[in-house]
Amino acid sequence: MTIWEWIKIIFALVFFVSGITWVIYNFLKGRRLGIEALCQLDTTFTVTCTVCDNTYEVAPRDFLRISNFKIQKSKYVKKGFVDSEYAISLQRYCPCPYCKRDELAKFNDVDKVQELDKTVAMPIMMKYAAIGLLPPIIIGSIIMKF
């Protein structure tokens with residue numbers, strides 16, 4: 001291999017690592033900004049504690065704050081067929097005023113949660129996904145021409 005081929009390989013590796021780092025950084029930034037936007041909303045959701053079976057209201061800042069510290073998934077159980085657009089169930093850890101601790105709660109108004117997620121958080125995350133993906137794709141396609 002010539003020195004020029006080694007330089008190309010090293011440059012490609014540096015570009016690949018920096019591109020992946022840029023994508024991950026923008027994904028995490030978009031997620032954080034989306035969560036912050038949801039936390040600023042003055043809306044509440046009705047939830048039912050799975051431990052004590054009491055129903056109470058919770059704000060997005062309560063359960064999203066907790067989700068940053070506990071590893072949990074926002075799993076939507078869909079109605080009907082695979083790839084259905086409508087969810088029927090969502091459970092997350094929420095501060096239960098009756099149990100006096102964070103417990104898994106079932107959301108009673110899942111449609112409202114999904115709608116806010118689509119209208120508030122998703123545009124922010126899509127913006128940062130584009131910011132993260134477009135520069136490496138454009139620069140990579142320009143570099144591949146040489």
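Let me begin with one contact, in which Glu 103 forms a salt bridge with Arg 101, and the closest N and O atoms of that pair are 2.3 Å apart. I should say straight away that we are looking at a predicted model, so please hear every value in that light. The two partners differ in their surroundings: Glu 103 counts as buried, because its relative accessibility is 11% and the limit for buried is under 20%, whereas Arg 101, at 48% relative accessibility, counts as partly exposed. As general background, side chains of opposite charge can pair when their charged atoms come close.

How many salt bridges does a search of the whole structure find? The search finds 2, and besides the pair I have just described there is a salt bridge in which the side chains of Arg 32 and Glu 36 meet, at 3.1 Å from N to O. These two residues lie 4 apart in helix H1, which means that about one helical turn separates Arg 32 from Glu 36. Arg 32 is partly exposed, with a relative accessible area of 44%, and Glu 36 is also partly exposed, at 36%.

Let me now step back to the chain as a whole, which has 3 helices and 5 strands and which, when you read along the sequence, follows the pattern α-β-β-α-β-β-β-α. Of the 146 residues in the chain, 30% are buried.

Helix H1 deserves another look, and here we can ask at what angle H1 and helix H3 pack. The angle between H1 and H3, the latter covering residues 110-144, is about 170°, with their axes 8 Å apart, and the two helices are therefore roughly antiparallel to each other, since angles over 145 degrees count that way. Their crossing is right-handed.

Helix H1, which spans residues 3-39, also holds Trp 6, a residue that is partly exposed, with a relative accessible area of 45%. On the surface, Trp 6 belongs to a nonpolar patch together with Met 1, Ile 9, Ile 10, Leu 13 and Val 14, and these residues together have about 630 Å² of accessible area.

My last stop is Asn 54, which sits in the loop between strand E1 (45-49) and strand E2 (55-58), and which is partly exposed, with a relative accessible area of 28%. If you follow the sequence from Asn 54 to Pro 97 you cover 43 residues, and in space these two residues are 9.3 Å apart, C-alpha to C-alpha.

Technical notes: Residues are numbered from 1 along each chain as its sequence is written. This is a predicted model: local features need pLDDT of at least 70, side-chain atom pairs count only at pLDDT 80 or more; totals for chains, interfaces and linings use all residues. Side-chain values use heavy atoms; hydrogens and water are left out. Patches are made of residues with over 30% relative accessible area and no salt bridge: like charges are joined within 9 Å, nonpolar side chains (Val, Leu, Ile, Met, Phe, Trp, Tyr) within 5 Å. Accessible areas come from the Shrake-Rupley method with a 1.4 Å probe; for residues, only the protein chains shown count as cover. A salt bridge is a side-chain nitrogen of Lys or Arg within 4 Å of a carboxyl oxygen of Asp or Glu. Buried means under 20% relative accessible area, exposed over 50%, partly exposed in between (1.4 Å probe, protein chains only). Axes are lines fitted to C-alpha atoms, for helices over the stretch in contact, and angles run from 0 to 180 degrees between N-to-C directions. Angles under 35 degrees count as roughly parallel, over 145 as roughly antiparallel, 65 to 115 as roughly perpendicular and the rest as oblique. A crossing is left-handed if the near helix is turned anticlockwise from the far one by less than a right angle, and right-handed if clockwise.
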